[in-house]
Amino acid sequence: MKKMINSLALIFTIVSLTSCSSESEGVNEPVETAKSYTHNANELELLDKVNEYRVSIGLNPLEIIEHISYKSSEHNNYMLATQTVTHEGFDQRKENLQNVLGAFRVGENVAFAYATAQSTVNAWINSPGHKANLEGDYTHFGASIRMDDQGKKYYTNMFIKK
């Protein structure tokens, strides 16, 4: 009898240790898909000015991907809400562009209060870190421009290489 109880206890332990539970299974989180985005005239002008600069120095023009502009717009909304000009959250945006678009290189330029696309690009050209992104080894890009209540513009321009 004692042998049978020990055998049943052993079987129960083995079954308990090898059974699947929701805690041991990987959670399948929904994968974000690429979002569409409708550019306004100012955003398209900014993207054109970036490509004009790149071509003027012998680099390839970049192709627009709406999802990159969508993520740029989300960041502009954050900067507007916090009234800061920052790269905060860049790692999450980068990870998203890697997961959704297959990017293996990601860069970002932000700006605030420039009146025109050309003045914004000029400011980036005159800033070593921003210039490095403008001239980087990228294939695609996107941008967003948002205006605050005082008419000051927030800019986010993101770059990727696929």
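Two strands count as paired here if DSSP finds at least two bridges between them. Keep that in mind as you open this predicted model.

**Stop 1: the hairpin.** Select strands S3 (residues 140-147) and S4 (153-161). They pair in the antiparallel sense over eight bridges. To see one of these pairings, pick Ala143 in S3: its bridge partner in S4 is Asn157. Five residues lie between the two strands of this hairpin, and Gly151 in the turn has a positive phi of about 85°.

**Stop 2: around S3.** Stay with S3 and check its surroundings: six of its eight residues are buried, so the strand is largely enclosed by the rest of the structure. Now add strand S1 (residues 63-64), which pairs with S3 in the parallel sense over two bridges. Here Ile64 finds its bridge partner in Phe141 of S3.

**Stop 3: across S4.** Next select S2 (105-112). S2 and S4 run antiparallel and are joined by eight bridges; Ala111, for example, is partnered with Tyr155 of S4. S2 is mostly covered, with six of its eight residues buried.

**Stop 4: helix H4.** Finally, select residues 90-101. The end C-alpha atoms of H4 are 16 Å apart, in agreement with the 16 Å expected for 12 residues at 1.5 Å a residue. Color Phe90, Arg93, Asn96, Leu97 and Leu101, the buried residues of H4. Viewed down the helix axis, they fall within an arc of 125°, so they line one face. What do they pack against? Helix H3 (66-82), S2 and S4. Turn to the face pointing away from the buried side to find the exposed Asp91, Gln92 and Asn99. Just after H4, Gly102 takes a positive phi of about 75°.

Methods:
Residues numbered from 1 in each chain as written. Predicted model: local features only at pLDDT ≥ 70, side-chain atom pairs only at ≥ 80, totals over all residues. Heavy atoms only, no water. Helix = DSSP H or I, 4+ residues; strand = E, 2+ residues; numbered from the N terminus. Expected span 1.5 Å × (residues − 1). Buried < 20%, exposed > 50% of the residue type's maximum accessible area, 1.4 Å probe, protein only. Arc of directions from axis to C-beta. Contact = heavy atoms within 4.5 Å.
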